[in-house]
Amino acid sequence: MASWSEFAADEPRLASGIRLLMQQYGPGFGYLATVRADGGPRVHPVSPVITDDGLYCFVVDSPKRRDLERDGRYALHSFPPEESDDEAYVAGRARPVTDDATVARLAFAARAAPHADWRLFEFTVDVAMLARREQSVAGPSELASRPAVQVWLDPAGATPQATRSVPAHSGRHHRRAA
């Protein structure tokens, strides 16, 4: 499991593109998928916090927080831009941040409500994906047929099956050096 900073050091342009889509409306905005107790998916809008040090999210007392505390698997998808169908996606594991200085610094920077019942989670990155779709000359409603897709897999967590699960036609495949 790579930290955001490890991923960004390995693939700075990909990380920058993902960060831009996640923060296109100012503060972070995306959809967080978690795993319910019955194994099903749960999706919620969230405001991820991306810094040079990591990918974080403040999560209030809710079913999604209980999902993360029980089973840290997550997927985070960007909110769609108004002018394109570009998309960004990261997945990995969430873990609670217990360092008080980090929590205080990020709460101040993100203007997290001081009296809310939230917890800060750091998201590791096992998979990162960025898809860019070029608009045709006919206008934004007619998009190019194939997106330019970049995928990064953390080799420390990748199994042969995980590597094969990425479609061969999806674009460039990036792997972090071990």
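A pocket is an open set of grid points with protein on both sides within 12 Å along at least five of seven lines. The legends below describe close-up views of a predicted model.

**View 1. The largest pocket and its lining.** The volume of this pocket is about 350 Å³. Three elements each give two or more residues to its lining: β3 (49-50), β4 (55-60) and α4 (100-110). In total, 19 residues line the largest pocket. Nearest its centre lie S47, V49, F58, A110 and R111. What classes of residue make up the lining? It has 14 nonpolar, 4 polar and 1 charged residues.

**View 2. S47, one of the residues nearest the pocket centre.** S47 sits in the loop that runs between β2 (41-46) and β3. Is S47 buried, exposed or partly exposed? Its relative accessible area is 44%, so S47 is partly exposed. Beyond residues up to four places away in sequence, S47 touches G28, F29 and C57. One link involves G28: the side chain of S47 reaches the backbone oxygen of G28 at 3.3 Å. Y31 is another residue to find in this view. S47 and Y31 are 16 residues apart in sequence, and their C-alpha atoms are 8.5 Å apart in space.

**View 3. D61 in the loop between β4 and α3 (63-70).** D61 has a relative accessible area of 45%, so it counts as partly exposed. Which residues does D61 touch, not counting those up to four places away in sequence? They are R66 and D117. With R66 there is a polar contact between side chains, at 2.9 Å. Now look for A116. D61 and A116 are 55 residues apart along the chain, yet 8.9 Å separates their C-alpha atoms.

**View 4. E122 in strand β7 (residues 118-123).** E122 is buried because its relative accessibility is 13%, and buried means under 20%. Neighbours within four places in sequence are left aside here. The contacts of E122 then include D53, G54, L55 and Y56. Also among them are R93, A94, R95 and V97. S3 is in contact with E122 too.

**View 5. The two sides of helix α4.** T102, V103, L106 and A107 are the buried residues of α4. Why do they share one side of α4? They cover an arc of only 125 degrees around the axis, so they lie on the same side of α4. A general rule helps here: an α-helix has 3.6 residues a turn, so residues three or four places apart point the same way. D100, A101, F108 and A109 are exposed on the other side of α4. The buried residues of α4 pack against β3, β4 and β7. After α4 comes R111, with a positive phi near 55 degrees.

**View 6. The two sides of helix α2 (residues 12-22).** Here the buried residues are L14, A15, G17, I18, L21 and M22. They are on the same side of α2 because they cover an arc of only 160 degrees around the axis. Which residues are exposed on the other side of α2? Look for P12, R13 and L20. The buried residues of α2 pack against two elements early in the list, α1 (4-10) and β3, among others. Their other partners include β5 (73-78), β6 (87-96), β8 (127-132) and β11 (148-153).

Note on methods
Residues numbered from 1 in each chain as written. Predicted model: local features only at pLDDT ≥ 70, side-chain atom pairs only at ≥ 80, totals over all residues. Heavy atoms only, no water. 1 Å grid on protein atoms, 1.4 Å probe; cavity = no way out; pocket = protein on both sides within 12 Å on 5 of 7 lines; lining within 4 Å. Points joined across faces, edges and corners; volume = space filled by probe spheres on them. Helix = DSSP H or I, 4+ residues; strand = E, 2+ residues; numbered from the N terminus. Nonpolar A, V, L, I, M, F, W, Y, C, P; charged D, E, K, R; others polar. Buried < 20%, exposed > 50% of the residue type's maximum accessible area, 1.4 Å probe, protein only. Contact = heavy atoms within 4.5 Å. Polar contact = N/O pair within 3.5 Å; in protein donor to acceptor, adjacent residues only side chain to side chain. Arc of directions from axis to C-beta.
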